[in-house]
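Student: I'd like a close look at one part of this structure, please: the charge pairing, and what surrounds it.

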Amino acid sequence: MFLQKAWRTAAFGVYGFTQFTKSGFIEHSKKFKEEDMQIQMEGKNCIVTGANSGIGYATAEGLASRGATVYMVCRNKERGEAAQSQIQSNTGNPNIHLEICDLSSVKDISTFVSHFSSNDKPIHVLVNNAGILENNRVITPEGLELSFAVNVAGTYTMTELLVPLLEKASPDARVITVSSGGMYTSPLTKDLQFSESNFDGSMQYARNKRLQVALTEKWAENYSNKGIGFYSMHPGWAETPGVAKSLPGFSEKLQGKLRTKEEGADTVIWLALQQKEKLVSGSFYFDRAEAPKHLLFSGTAGSHSNIDSIIKDIRSLCSFSS
């Protein structure tokens, strides 16, 4: 087990340095098709969580520049308003709305969805972007470990509760979940809230991101008849405020080699724009292409068989009815 973990970490480092950095994006972009990004989105309603900075901001701006009506779901009102104003100014699109919601709170997300649903608007694109890598064990008022609360419980609650509005945009509806290449270093685990005494924020983040990929597979299976596509993706290693704050050593070491937030958001926007016939629901994408969910000899593939029991635990922790 120790050797397998060491192999995963080493393989991830080599793979990441050659593929996930800016140079990887430049190399992969040689195969990009310009026309893929020239599709317009007038009349489409898009929700982007964690949209006031980093990849969420770049995603919201990219969708807005193509005419979409964008709902930015942010925790901080002041930063959200500043980002909303900037996007409206940059794109000339007035249809940018700010929704304040604590994405670590299942109760707050439920309240937001209930309020939003009262308008009966179809949702064409949901981007689950909000995420956190917390290096210390922090417990939310709802009793959840903070990283799990935002990355998993929040993502699960938002997606499940918005399915009725996504159905209204069928067959064009899609859910895009921003995972991370960090998930390559971890199998799926039933220890959702990291019960080990020595809390490891990076490991918990990797576990959360692996779980997002497995959830995407399960959603694609469960809702295959609803006209909703589910996709997870990896933005590469991008220079964002979140990375600088959570991984200062990593950010400093790779200074000048990290992707811009726009390069990180590129595949999110690409997934939002493409005809669904070009995409495979349940798949994991990187740089506008399907990507493997497991590194060779990493021993993570078999762990996805645990997803059903893990979802039961998530629903219990989030107080969903079974």
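Tutor: The structure holds 16 salt bridges, each being a side-chain nitrogen of Lys or Arg within 4 Å of a carboxyl oxygen of Asp or Glu. This is a predicted model, in which local features need pLDDT of at least 70 and side-chain atom pairs count only at pLDDT 80 or more, while totals for chains, interfaces and linings use all residues. Residues are numbered from 1 along each chain as its sequence is written, and side-chain values use heavy atoms, with hydrogens and water left out.

Let's begin with D308 and K218, whose closest N and O atoms are 2.9 Å apart. D308 sits in helix α11 and K218 in helix α7, so this salt bridge ties together parts that are 90 residues apart in sequence. Helices here are DSSP runs of H or I with at least four residues and strands are runs of E with at least two, both numbered from the N terminus. K218 is buried at 12% relative accessible area, whereas D308 is partly exposed at 41%. For those words, buried means under 20% relative accessible area, exposed means over 50%, and partly exposed is in between, using a 1.4 Å probe and protein chains only.

The same two helices also meet through nonpolar residues. Both α7 (201-222) and α11 (307-317) supply at least two residues to the largest nonpolar core, where I314, L211 and L215 are among the members touching the most others. Such a core is a set of buried Ala, Val, Leu, Ile, Met, Phe, Trp, Tyr and Cys residues joined through side-chain atoms within 4.5 Å. Leaving aside neighbours within four places in sequence, I314 is in contact with residues including L211 and L215; contact means heavy atoms within 4.5 Å.

Now for another pair: R174 bridges to D172, again with 2.9 Å between the closest N and O atoms. R174 counts as buried, at 1% relative accessibility, while D172 is partly exposed at 25%. K44 joins these two residues in a network of salt bridges.

Finally, K261 pairs with E262, and here the closest N and O atoms are 3.3 Å apart. K261 is partly exposed at 28% relative accessibility, and E262 is partly exposed too, at 40%. As general background, side chains of opposite charge can pair when their charged atoms come close.
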